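The following exercises are meant to be worked through with the structure in view. Each task is followed by a solution in steps.

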Amino acid sequence: RLPAEVAATFFVPATTAYVALHDVANLQPGEEVVVVGAAGAVGAMVAQQALAAGATVIGVVGRSDQRDKVPDGVEAVDGSSEESVAQLAKARSATLLVDTLGGDGLVGRSRWVRPGGRAVVIGYVTGTSVSIDLPSWLLDDVALLPVNMIRQERRAREVSGELVRRLAAGELEVAVQTYDLADAPAAIEDLRAGRVSGRAVVLP
């Protein structure tokens, strides 16, 4: 029921988003969710599913030219703008952060969440380690929750059928950028340079 390029790429972003929101974060309708990396395949899927669950969603992107790549209905914020980031920290209105970046900036981004909220960590593309000042973390009162999709593989398979149905019905969308087989080297270069919108697929 799906185009081949979507069927080949939907599983990881769609199931990761579902598990992160519903099994790890226990998202409830009416929450405000900040999604970091909302222009990427996983982040965009998180944003779409959070909207569908009745949340208000802010999508943070790495560059201003990525703002138009966030899903419809999501408030796009340029994460490279100091003013925009400062406003998120000042408002601190979100109840949930879904972070696809990791790295040293994770703790700072968790301060976009109100005390008593939670930050779900999916990825670590900007770094594999983070330092936490325990007194400050205790005062911030934001839970850091890991998403371990290796441990959640069975759950991912359980929910994948419903996600396929929603994709086929147009309720969800995975962005796919296709390349001919002869252009596989260009696909790799585009991935390295961050020029791929969503998932890169090489077609025979």
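A residue counts as buried when its relative accessible area is under 20%, as exposed when that area is over 50%, and as partly exposed in between. The model is a predicted one.

**Exercise 1.** Determine which residues of helix α2 are buried and which elements they pack against.

*Solution.* Step 1: apply the cut-off of under 20% relative accessible area. In α2, the residues that meet it are Pro 13, Ala 14, Thr 15, Thr 16, Ala 17, Val 19, Ala 20 and Leu 21.
Step 2: look for the partners of these buried residues. They pack against the helices α3 and α7 (153-168) and against the strands β4 (94-99), β5 (113-121) and β8 (199-203).
Step 3: follow the chain past the end of the helix. Just after α2, Asn 26 adopts a positive phi of about 55 degrees.

**Exercise 2.** Describe how helices α2 and α3 cross, and name the residues that form their contact.

*Solution.* Step 1: consider the axes. Those of α2 (residues 11-24) and α3 (residues 41-52) come within 8 Å and cross at roughly 50 degrees.
Step 2: classify the angle. Angles under 35 degrees count as roughly parallel and those from 65 to 115 as roughly perpendicular; α2 and α3 are therefore oblique to each other.
Step 3: assign the hand, which for this crossing is right-handed.
Step 4: list the contact residues. Helix α2 contributes Pro 13, Ala 14, Thr 16, Ala 17, Tyr 18 and Leu 21, while α3 contributes Ala 41, Val 42, Met 45, Val 46, Gln 49 and Ala 50.
Step 5: sort them by class. The contact of α2 with α3 comprises ten nonpolar residues, two polar residues and no charged ones.

**Exercise 3.** State the strand order of the open sheet and identify its edge strands.

*Solution.* Step 1: read the order across the sheet. Its six strands run β3-β2-β1-β4-β5-β6, with parallel pairing.
Step 2: find the strands that pair on one side only; these edge strands are β3 (75-78) and β6 (143-146).
Step 3: consider the twist. On average, neighbouring strands of this sheet are turned by 20 degrees against each other, direction ignored.
Step 4: examine one pair. Strands β1 (residues 32-36) and β2 (residues 56-61) are joined in the parallel sense over five bridges. Val 34 stands opposite Ile 58 in β2, and Val 35 opposite Gly 59.
Step 5: judge the surroundings of β2. Five of its six residues are buried, so this strand is largely enclosed by the rest of the structure.

**Exercise 4.** For Ser 110, Pro 115 and Ala 175, establish the location and the contacts, leaving aside neighbours up to four places away in sequence.

*Solution.* Step 1: take Ser 110, which belongs to helix α5 (residues 106-110). Its relative accessible area of 4% makes it buried, and its contacts are Leu 97, Ala 119, Val 142 and Leu 144.
Step 2: take Pro 115, placed in strand β5. Its contacts are Arg 92, Asp 140 and Asp 141. Pro 115 and Leu 138 are 23 residues apart in sequence, and their C-alpha atoms are 9.8 Å apart.
Step 3: take Ala 175, in the loop between α7 and β7 (176-180). With 34% relative accessibility, Ala 175 is partly exposed. It touches Ser 197, Gly 198 and Arg 199. Ala 187 lies twelve residues from Ala 175 along the chain, with 15 Å between their C-alpha atoms.

Conventions: Residues numbered from 1 in each chain as written. Predicted model: local features only at pLDDT ≥ 70, side-chain atom pairs only at ≥ 80, totals over all residues. Heavy atoms only, no water. Axes fitted to C-alpha atoms, helices over the stretch in contact; angles between N-to-C directions. Helix = DSSP H or I, 4+ residues; strand = E, 2+ residues; numbered from the N terminus. Parallel < 35°, antiparallel > 145°, perpendicular 65-115°, else oblique. Left-handed = near helix turned anticlockwise from the far one by under 90°. Contact = heavy atoms within 4.5 Å. Nonpolar A, V, L, I, M, F, W, Y, C, P; charged D, E, K, R; others polar. Buried < 20%, exposed > 50% of the residue type's maximum accessible area, 1.4 Å probe, protein only. Pairing = 2+ DSSP bridges.
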